[in-house]
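Trainee: Could you take me slowly through one part of this model, and explain how the pieces there are placed against each other?

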Amino acid sequence: MMFIQPWQFEGINASEFRRRFQICRTKEWQLRKDNILRVGTHYMRTGLSSRSAILYNPVTCEYALKLMTQG
């Protein structure tokens, strides 16, 4: 498992993530809920609030989504 350090993280925002992987907002939420996309590995929040913006790591997300479709 690969963990991302905040100072190494170059992420994309949620709308760019959805556009790049061609998914809707509901599917994005479901992937996080089902623990396919994990905080600290695939994404991180920009603040402490549960409503703060999310930044995704496109490389680790692509790998997780490929594994999900192979299963």
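Mentor: Before we look closely, it helps to know that pLDDT is the predictor's confidence in each residue, on a scale from 0 to 100. This is a predicted model, and across the protein chain pLDDT averages 87, with 86% of the residues scoring at least 70. Confidence is lowest in strand 2 (residues 43-45), where the mean is 90, and highest in helix 2 (residues 25-33), at 97.

Let us now turn to helix 1. The axes of helix 1 (residues 14-21) and helix 3 (residues 58-70) come within 12 Å and cross at roughly 45°, which makes helix 1 oblique to helix 3. The crossing of helix 1 past helix 3 is right-handed, and the contact is made by F17, R20 and F21 on the side of helix 1 and by P58, C61, E62 and L65 on the side of helix 3. Sorted by class, this contact has five nonpolar residues, two charged ones and no polar ones.

F17 deserves a second look, since the whole structure holds three aromatic pairs, and in one of them the ring centres of F17 and Y56 are 4.0 Å apart with their planes at 15°, so the pair is stacked. Because F17 lies in helix 1 and Y56 in strand 3 (residues 54-56), this pair ties together parts that are 39 residues apart in sequence.

Conventions:
Residues are numbered from 1 along each chain as its sequence is written. This is a predicted model: local features need pLDDT of at least 70, side-chain atom pairs count only at pLDDT 80 or more; totals for chains, interfaces and linings use all residues. Side-chain values use heavy atoms; hydrogens and water are left out. Axes are lines fitted to C-alpha atoms, for helices over the stretch in contact, and angles run from 0 to 180 degrees between N-to-C directions. Helices (H or I, at least four residues) and strands (E, at least two) are DSSP runs, numbered from the N terminus. Angles under 35 degrees count as roughly parallel, over 145 as roughly antiparallel, 65 to 115 as roughly perpendicular and the rest as oblique. A crossing is left-handed if the near helix is turned anticlockwise from the far one by less than a right angle, and right-handed if clockwise. Contact means heavy atoms within 4.5 Å. Ala, Val, Leu, Ile, Met, Phe, Trp, Tyr, Cys and Pro count as nonpolar, Asp, Glu, Lys and Arg as charged, and the others, Gly among them, as polar. Rings of Phe, Tyr and Trp (its six-membered ring) pair if their centres lie within 6.5 Å; planes under 30 degrees apart count as stacked, over 60 as edge-to-face and the rest as tilted.
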